[in-house]
Amino acid sequence: MQIAFRTHDLGVKSLEGAVKKCKQCGISAVQLVAYKFLDDVKYAPDGIDCHKAEIIGEAFESADIAVPLIGAYFNPVHSDREKVARCKQVFKDYLSLTRELGCDIVGSETGSFNDDKWTYHPLNRTEEALQTVVSTFKELALYAKERGVYIGMEGAAGHVCWNVATLKRAVDEIGEDNVKIIFDIYNYLDETNYRNYLEILDEGLTAFAGKIRVFHIKDCVFGDGKLKQVAPSKGMFDFEKLLGKIKAYDGNATLVLEGTTGDDVAPCVQFIKRVWDKV
């Protein structure tokens, strides 16, 4: 099992700082989002070059820190189609540099018609939206396949692929074997289904058997009619059951503690390790 963090959740703005933080906290891997923690990498076409990618990759490799996922998230159904084209090029740039960065997969969520808010919009649940996602990620999957690498897709309740079944349909219609899954149980929850999180996890583990590359690990509380994310161990999730299911699915799973920051980082690493060893 690998415990990973997004590089920009570590609270540092340099390669040296990220490596040091990982070593201090017992973090064995990072979800690399270079433009969110390095000032000299921009989110734009050609915002990172091969030389910079090699420096980043070598820094983590020499520290024995894995890079199981590169994040280049974008909104494929954004109303500004020129922006979508730029974002697809950024995604392709990272696909071209995966090897230098020490990885073989670049991932994104599936977007929303609410544009930059990335929240629920009724058009998200239309056939038009789904087909836009399918055609966009098909293009990216084919580009990745030419380079011998993978793309990752992540669903969320407020996005086009809003549940396990919709994401499964999108992946099936794309029809390429280099499409993998980023699975985040919290993403699929809302005020109507949050009590069923373990059943939704079971559904995902079955639907995406053999395709899940990383699990995003979060916790949550429910109040005032809304779900709120909190650090693992501070919410309602039964982690012995949750991690037990994941461990049964993949004893070498990569667990990304997405959104865990600040003083919660080190205690949550220890909490996850302790529960994983127990289950």
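User: Why does D116 count as exposed?

Analyst: Happy to help! This is a predicted model, and in it D116 has a relative accessibility of 52%. Exposed means over 50%, so D116 counts as exposed.

User: What makes D116 and K83 a salt bridge?

Analyst: Their closest N and O atoms are 2.8 Å apart, and the cut-off is 4 Å, so the pair qualifies. The two residues come from distant parts of the chain: D116 sits in the loop between β4 and α5, and K83 in helix α3, 33 residues apart.

User: Why is K83 called partly exposed?

Analyst: Its relative accessibility is 27%. Partly exposed lies between 20% and 50%, so K83 belongs there.

User: How do you know that K168 and D172 are separated by about one helical turn?

Analyst: Both residues are in helix α6 and they are four residues apart, which means about one turn separates them. They also form a salt bridge, with the closest N and O atoms 2.8 Å apart.

User: What makes D202 and K245 a pair that ties parts together?

Analyst: They form a salt bridge, their closest N and O atoms being 3.0 Å apart. D202 lies in helix α7 and K245 in helix α8, so the bridge joins parts 43 residues apart in sequence.

User: How do you know that the buried residues of α8 are on the same side?

Analyst: Those residues are F239, L242, L243 and I246. They cover an arc of only 85 degrees around the axis, so they lie on the same side of α8. What covers them includes α7 and α9.

Note on methods: Residues numbered from 1 in each chain as written. Predicted model: local features only at pLDDT ≥ 70, side-chain atom pairs only at ≥ 80, totals over all residues. Heavy atoms only, no water. Buried < 20%, exposed > 50% of the residue type's maximum accessible area, 1.4 Å probe, protein only. Arc of directions from axis to C-beta. Contact = heavy atoms within 4.5 Å. Salt bridge = Lys/Arg side-chain N within 4 Å of Asp/Glu carboxyl O.
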